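Q: I am new to this structure and would like a close look at how its helices are packed, taken one at a time. Please start with what is meant by packing, and go slowly through the residues involved.

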Amino acid sequence: MNINNYKTFVSAETMMGPNSVRILAELLDKYPLHPAPEDMILDLGCGTGLTSFIIAKETGAKIYANDLWVSAEENRKRFAEWGVGEQVIPVCEDANNLHFEGKKFRALISIDSYHYFAGSRGFFQEKILPFIKDNGEVLIGIPGLKDEYTDRAKELLFNWLGDDAYMFKSPKLWKELIGSGDRIELVETWEMDCFNKAWNDWLATDNEFALGDRQHFESIIKPYTCFVGIYVKIKNAIKDRQLLEETGKDEE
């Protein structure tokens, strides 16, 4: 993915934190998606819809752009202006209470939002997994705590985040929270490479929240935090069933 193709869309108005385009680009470069045109992708916590727009352009799939804080109507207007109004469907729902059909999505992507609502054990299994198709994929990029500081978020980040420090978790801990199960083939977590560039883009804006982050970047944000990349591969139920059938025949 060439992020230079989207420079004109990245602004103080469309950014809600460190540059989500860089985070998305690293995820898609590391784990490229190859959906069919009829496939659907859920962008969970899409904010102003910038990531949804890019996912639509990069994959050609139909995108459901869900956010709780930004209204569907506001995003609908942006998608129309950006020329993807027919391809991207805006939704405004709580991630804890989504109303989609089961196994609707070929993939789920969540940039800089998953940590707000998904930090409890069992959330992925109960609230996310039911909507992902067999052989589907999940890509998540969120701010977190470096592995060496696991379980020290409150101590290290309180002066910056206050009571919200608990949301920052290490890659190791996020892997445990995603968990395992009959439908999960693989879970990978890592410290992402785009940290400095994504933060620099955000801190260069005159957004009031960026100004606040700027005061803590060198003393807290840079030494203790990272962006956590999460990749989940869902099993191919048909392939597994065929393997079981072949194994059974061999035993006979």
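A: Two residues are taken to be in contact when heavy atoms of theirs lie within 4.5 Å, and the model described here is a predicted one.

With that meaning in hand, helix α7, which spans residues 171-178, is a good place to begin. Its buried residues are Pro-171, Leu-173, Trp-174, Leu-177 and Ile-178. Because these residues fall within an arc of 160 degrees when α7 is viewed down its axis, they line one face of the helix. The elements that the buried residues of α7 pack against are the helices α4 (114-117) and α5 (123-128), together with the strands β5 (132-145), β6 (184-191) and β7 (225-234). Just after α7 comes Gly-179, which takes a positive phi of about 80 degrees.

One of those packing partners, strand β5, also holds Asn-135, a residue that has a positive phi of about 70 degrees although it is not a glycine. Asn-135 counts as partly exposed, because its relative accessibility is 32%. Another residue of this kind, Asp-112, sits in the loop between β4 and α4, and its phi is positive, at about 55 degrees, although Asp-112 is not a glycine either. With a relative accessibility of 19%, Asp-112 counts as buried.

Strand β4 itself covers residues 105-111 and includes Ile-111, which is counted as buried because its relative accessibility is 4%. When residues up to four places away in sequence are not counted, Ile-111 touches Ser-20, Ile-23, Leu-24, Leu-27, Leu-44, Gly-45, Thr-51 and Gly-141.

Helix α3, made of residues 72-81, can be read in a similar way, with Ala-72, Asn-75, Arg-78 and Phe-79 as buried residues. These cover an arc of only 125 degrees around the axis, which means that they are on the same side of α3. On the other side of α3, Lys-77, Ala-80 and Glu-81 are exposed. The cover over the buried residues of α3 includes helix α2 and the strands β2 (62-66) and β3 (88-91). After α3 comes Gly-83, which has a positive phi near 85 degrees.

Helix α2 (residues 50-59) is where Ser-52 is placed, and Ser-52 counts as buried because its relative accessibility is 0%. Apart from neighbours within four places in sequence, Ser-52 is in contact with Asp-43, Cys-46, Ile-63, Ala-65, Phe-79 and Val-88.

The last piece is a pair of helices, α6 (residues 153-161) and α10 (residues 217-224), whose axes come within 10 Å and cross at roughly 135 degrees. That angle makes α6 oblique to α10, and the crossing in which α6 passes α10 is left-handed. Here Leu-156, Leu-157, Asn-159 and Trp-160 from α6 meet Ile-220, Ile-221 and Tyr-224 from α10. Sorted by class, this contact is formed by 6 nonpolar residues and 1 polar residue, with no charged residues.

Terms used: Residues numbered from 1 in each chain as written. Predicted model: local features only at pLDDT ≥ 70, side-chain atom pairs only at ≥ 80, totals over all residues. Heavy atoms only, no water. Axes fitted to C-alpha atoms, helices over the stretch in contact; angles between N-to-C directions. Helix = DSSP H or I, 4+ residues; strand = E, 2+ residues; numbered from the N terminus. Parallel < 35°, antiparallel > 145°, perpendicular 65-115°, else oblique. Left-handed = near helix turned anticlockwise from the far one by under 90°. Nonpolar A, V, L, I, M, F, W, Y, C, P; charged D, E, K, R; others polar. Buried < 20%, exposed > 50% of the residue type's maximum accessible area, 1.4 Å probe, protein only. Arc of directions from axis to C-beta.
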